[in-house]
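Have the model open in your viewer and a selection tool at hand. We will go from stop to stop, and at each one you will hear what to select and what is there.

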Amino acid sequence: MTREPALLDRPHTPTPPAPLGWLTLGDAFEAACLQRCTPPPTAARPSAARAEHTPAVEFNREDAAQRMRQLLARLDIPVSHEVAVGGLRRRYELHRLWVPREHQGAYARMLDAGWRQGRRELLGGPLPGASPARRRLVTRLAEAAWRSALLAAGRHVRRHILGVRLTDRELAAVLIRGAAVLDVPARLRPGTGCFLVSVADGPDRQRILRSAALEAARGPMAVPATATTRGGISASARGAVVAPARRTAC
């Protein structure tokens, strides 16, 4: 006689993580968008597949690195900072942010939850009859997506358009939807290995720039000391871990 499977014999489905609070969601979603704008760190093997989240992220602009550090501090995730300077005739800086090993799990979970929940809120709403608070949340997510792209993605500025180049298809869709939330028509044009998202010059461009404007930073970001290496490249030693600041509302 076959034994009826007991309730305890059934596999347990994993409990979905609790949704993020709206203030936390805005910061986590923006940090995830910044991460998606960047290429894999140069230390990674060229043949290695890009992970969804890595414990390091690199920016070629200091203001993008500063914004990422500010967001991670609000999310209680410590980060260390390296600066590499290269080039001969044309010098450039590379800002690399590292999350300490003991915080890498929290970093990956926070960015993953922020991206999934923020993308769902932005692409799916606000629905008719949504509360003013939810409508403000969706607007804030749209602003965060465009702020990240203008800081960290490849800018494509012409006389008649303001555009950004991305390699992430999902982020390109988020920018198109975000522009619509901000009452700005945007265009998506596939390129060679990338996507170009653009808005027209004039009022549309000004609205995007105003919406994506950065809030005042808490204070100057200390730049780690650098040490010279071969080939005209100077690179800092691993920076000291920055203690996360207490979370404040935007």
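Is Leu111 buried or exposed? Select Leu111 and show the surface around it: its relative accessibility is 0%, so it counts as buried. Keep in mind throughout that this is a predicted model. Leu111 belongs to helix α3, which covers residues 104-124. Now add Leu72 to the selection. Although 39 residues separate Leu111 and Leu72 in sequence, their C-alpha atoms are 9.8 Å apart in space.

**The whole protein**

Zoom out for a moment and colour by secondary structure. You should find six helices and nine strands. Of the 250 residues in the protein, 42% are buried. If you turn on the surface, about 14,500 Å² is exposed, and carbon and sulfur atoms supply 55% of that area. Among contacts with a separation of 6 or more, 69% are between residues 24 or more positions apart.

**Helix α2**

Leu72 leads to the next selection, residues 62-74, which form helix α2. The 13 residues of α2 should span 18 Å at 1.5 Å a residue, and the C-alpha atoms at its ends are 19 Å apart, which agrees. Colour α2 by accessibility: 10 of its 13 residues are buried, so the helix is largely enclosed by the rest of the structure. Leu72 is one of these buried residues, and Arg67, Arg69 and Arg74 are also among them. To see what covers them, show the neighbours, which include α1, β1 (56-59), β2, β3, α3 and α4 (132-152).

Step past the end of α2 to Asp76, in the loop that leads from α2 to β2. Asp76 is not a glycine, yet its phi is positive, at about 60°. With a relative accessibility of 48%, Asp76 counts as partly exposed.

**Strands β2 and β3**

Select residues 80-86 for strand β2, where six of the seven residues are buried, so the strand is largely enclosed by the rest of the structure. Then add residues 92-98, strand β3, which runs antiparallel to β2 and is joined to it by seven bridges. For one of the partnerships, pick Glu82 and look across to Arg96 in β3. Five residues lie between the two strands of this hairpin, and Gly87 there has a positive phi near 95°.

**The aromatic pair**

How many aromatic pairs does a search of the whole structure find? The search finds one. Select Phe29 and Trp115: their ring centres are 5.8 Å apart and their planes meet at 10°, so the pair is stacked. Phe29 comes from helix α1 (residues 22-37) and Trp115 from helix α3, so that the pair links parts of the chain 86 residues apart. Both Phe29 and Trp115 are buried. Before leaving, show Arg36 as sticks as well. Its charged end sits over the ring of Trp115, 4.0 Å from the ring centre.

**Strand β7 and its partners**

Move on to residues 195-200, strand β7, which is where Leu196 is found. Five of the six residues of β7 are buried, leaving the strand mostly covered. Leu196 itself has a relative accessibility of 6%, so it counts as buried. Display what touches Leu196, leaving out residues up to four places away in sequence: you will find His156, Gly163, Val164, Arg165, Arg187, Leu188 and Arg189. Gly163 is 33 residues from Leu196 along the chain, with 6.5 Å between their C-alpha atoms.

Which strands pair with β7? Strand β5 (residues 161-166) runs antiparallel to β7 and is joined to it by six bridges. Pick Leu166 here, and its bridge partner in β7 is Phe195. Strand β6 is also antiparallel to β7, with five bridges between them. In this pairing, Leu188 stands opposite Val197. β6 and β7 make a hairpin with four residues between the strands, and Gly193 in the turn has a positive phi of about 75°.

**Last stop: Asp183**

Finish at Asp183, in the loop between α5 (169-181) and β6 (186-190). Asp183 has a positive phi of about 65°, although it is not a glycine. Asp183 is exposed, with a relative accessible area of 60%.

Terms used:
Residues are numbered from 1 along each chain as its sequence is written. This is a predicted model: local features need pLDDT of at least 70, side-chain atom pairs count only at pLDDT 80 or more; totals for chains, interfaces and linings use all residues. Side-chain values use heavy atoms; hydrogens and water are left out. Buried means under 20% relative accessible area, exposed over 50%, partly exposed in between (1.4 Å probe, protein chains only). Contact means heavy atoms within 4.5 Å. Two strands pair if DSSP finds at least two bridges between them. Rings of Phe, Tyr and Trp (its six-membered ring) pair if their centres lie within 6.5 Å; planes under 30 degrees apart count as stacked, over 60 as edge-to-face and the rest as tilted. A charge sits over a ring if NZ of Lys or CZ of Arg is within 6 Å of the ring centre and within 35 degrees of the ring normal. The expected span of a helix is 1.5 Å times one less than its number of residues. Accessible areas come from the Shrake-Rupley method with a 1.4 Å probe; for residues, only the protein chains shown count as cover.
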